[in-house]
Structure formats: structure tokens, C-alpha cells
Amino acid sequence: MAKRERSLAGKVVVITGAAQGIGASTATALSRLGAKVVIGDLDQVLAEKTAAELGAEALSLDVTDTKGFTEFLDEVERRVGPIDVLINNAGIMPLAPLDEEDDAATRRLLEINLHAVIHGTREAVKRMRPRGTGHIVNIASMAGKAGFPGAATYCATKHAVVGLSESVHLELHGTGVLVSCVMPAVVRTELASGLGEAKFFKSVQPEDVAQAIVDALRRPKFDVFVPASLDAMGRITRLLPRRLGEGLLRALGGDKILSSATHSSARAEYESRAARSAPAAEKGADS
């Protein structure tokens with residue numbers, strides 16, 4: 001029997017890092033379905049502009065400020081109501097071979113892509129579990145299922161997000177609180193500046209990811225691959241001996257997807273912005 005489609009009308013949905021990109025596209029899709037969307041982003045000006053276009057709300061949020069993240073969720077519940085859906089979307093992808101990546105970049109990746117997701121997930125569980133309802137959506141990546149040269153730490157954080165989501169999904173079994181883990185291919189946002197294409201690893205648009213998230217909220221499921229064909233590709237490569245799997249990856253150009261852009265001038269603006277994306281973490285490192 002097909003799962004009954006759930007209505008999202010009136011649901012309080014919080015999306016981190018949603019001033020642009022995947023987050024903004026998801027906010028747009030959910031707002032059209034009648035959800036009460038709250039955008040949290042470091043760029044308050046852009047967040048407010050995006051929210052105003054949707055009739056949503058926007059609040060300043062540095063996900064690396066743990067206390068501030070909790071206070072942000074408290075404020076959402078005071079203003080809008082109990083949180084039904086938390087989408088941990090905020091993330092960065094600075095590219096460099098590991099031996100060229102400085103420790104500050106490593107810390108930013110760990111704080112934004114992993115620690116913030118852990119904290120957001122934990123806070124959501126604390127709020128949702130007593131009510132016996134809620135949905136946590138963690139944005140990972142296909143890089144959470146495989147390693148790609150040029151982004152070792154990024155891949156490590158996304159592997160960790162997949163593992164976190166799987167564990168919490170099992171912890172919450174039978175509680176009424178659901179978890180989904182979203183694993184897209186390269187998404188054509190600013191984060192993907194300078195990245196090319198590869199055979200059978202076609203990039204997707206943020207609207208594609210947004211639609212997949214909407215579908216997973218309407219008809220809950222844990223694994224959300226974008227495009228869906230990535231699931232089959234991943235299963236096939238994992239069944240092959242390592243040497244054959246790596247050979248297939250190289251033949252399809254998958255090993256060059258990220259590494260080819262590690263020194264690209266087209267990424268300069270994005271890399272600069274990513275380096276300023278964790279003020280609370282930087283302050284903590286300096287103190």
C-alpha cells in the first residue's frame with residue numbers, strides 16, 4: 001500500500017543557511033505549499049530579502065555559535081510555534097588537496113558541516129521527541145558515500161553526517177520523530193563554482209534538491225539521493241572490488257569533479273566568502 005501523502009500546510013519549518021542556494025529553493029517550495037518557513041542565515045540582509053519574497057521570516061544565525069543556535073530555535077518557537085521540521089542545510093565546500101588545506105579551513109569545515117548539524121539535530125530531538133512528532137532533514141552529499149580527491153575534509157564531514165543521521169534515525173525508531181538524509185550530486189549553486197561535469201555524474205539544480213526534500217517530507221523516507229540514479233550507481237561501485245571501483249570512478253571522470261577546481265580562479269569569490277562563514281568558531285579558536 002502506498003504511503004499516505006502528508007500535508008505540509010501550516011507546518012513550522014526551519015532551514016539553516018537558506019538565504020540562497022538549496023536552502024532558498026527549499027524555502028520557496030515549502031512556502032508555496034503553505035508551510036510557515038523560518039530562514040536562518042549568517043547573511044541577515046540577504047536572508048531578509050529572500051524571506052520577504054516568500055512571506056517567510058528570517059533571523060540571523062551563525063550555526064557555529066552553539067548557544068546562539070539554541071537561542072535562535074527558542075526564538076522561532078516563541079514567534080511561530082513548535083518546530084515541525086528542521087532542515088540542517090548550512091554548509092561550505094572549500095577545495096584543496098589535504099596537504100594544502102590550512103587548519104583554519106579544517107576547523108570551519110568541521111564546525112559548520114558537522115558540529116552544527118550534530119547540535120541542530122540534538123536540539124530538534126529534544127523539542128520533537130516529547131511531542132511525539134517532527135522531521136529532521138540533514139543535507140549531506142554523495143561525498144558522504146564516497147571519497148573525492150581535492151575535498152578530503154569535506155568528504156569526511158559528509159560521511160559523518162550520513163553516519164549521524166543513520167544512528168539518530170535508529171535511536172528515534174517508534175518515537176514519531178523522523179530523519180531524512182539528503183545526498184545530492186554536484187548542485188549548481190555558488191558552492192559549485194568552477195566545477196565541471198563528469199559522465200554519469202551529472203549536476204543538478206537547487207530546485208531539484210528542493211523537490212526531493214519536499215517529497216521526503218510528504219512521503220517520509222530516510223535515503224534521499226538527487227538524482228535518484230545515484231543510489232544505484234553507489235550500490236554498484238560498492239559491490240565491486242576496490243581496484244575496479246576506483247577504475248570505474250576514473251573512467252567516468254568522477255575523480256576530477258572536485259580536484260579539477262582546487263586552484264580555479266572561478267572559485268575565488270566563493271572561497272573568500274567561505275573563509276568568513278564561521279565567526280563564532282574563529283573567535284573561539286583565537287581565545
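In this predicted model, the largest nonpolar core comprises 55 residues, of which Val14, Phe72, Val76, Ile136, Leu195 and Leu258 touch the most other members. The elements that contribute two or more residues to this core are β1 (12-16), α3 (66-79), α4 (103-128), α5, β6 (177-184) and α9 (268-274), and the largest share, eight residues, is supplied by α4. Apart from this core lies another one of 32 residues, with Ala18, Ala29, Ile139 and Ile213 among them. In soluble globular proteins, nonpolar side chains tend to be buried together.

Phe72 also takes part in the one aromatic pair that the structure holds. The ring centres of Phe69 and Phe72 are 6.4 Å apart and their planes meet at 55°, a value that is not over 60 degrees and not under 30 degrees, so the pair is classed as tilted. Both residues are buried, and both lie in helix α3, where they are three residues apart, or about one turn of the helix. When neighbours within four places in sequence are left aside, Phe72 is in contact with Val14, Val38, Ile39, Gly40, Leu59, Ser60 and Leu61.

A charged residue, Lys158, is located in helix α5 (residues 152-171). Lys158 is buried but has no salt bridge, and the nearest side chain of opposite charge, that of Glu101, is 14 Å away. The side chain of Lys158 instead reaches the backbone oxygen of Ile139 at 3.2 Å, and Ile139 is itself a member of the 32-residue core. Beyond its neighbours within four places in sequence, Lys158 is in contact with Asn113, Ile139, Ala140, Ser141, Ala143 and Gly144.

Methods. Residues numbered from 1 in each chain as written. Predicted model: local features only at pLDDT ≥ 70, side-chain atom pairs only at ≥ 80, totals over all residues. Heavy atoms only, no water. Helix = DSSP H or I, 4+ residues; strand = E, 2+ residues; numbered from the N terminus. Buried < 20%, exposed > 50% of the residue type's maximum accessible area, 1.4 Å probe, protein only. Lys, Arg positive; Asp, Glu negative; His and termini not counted. Salt bridge = Lys/Arg side-chain N within 4 Å of Asp/Glu carboxyl O. Polar contact = N/O pair within 3.5 Å; in protein donor to acceptor, adjacent residues only side chain to side chain. Contact = heavy atoms within 4.5 Å. Core = buried A, V, L, I, M, F, W, Y, C linked by side-chain atoms within 4.5 Å. Phe/Tyr/Trp six-rings, centres within 6.5 Å; stacked < 30°, edge-to-face > 60°.
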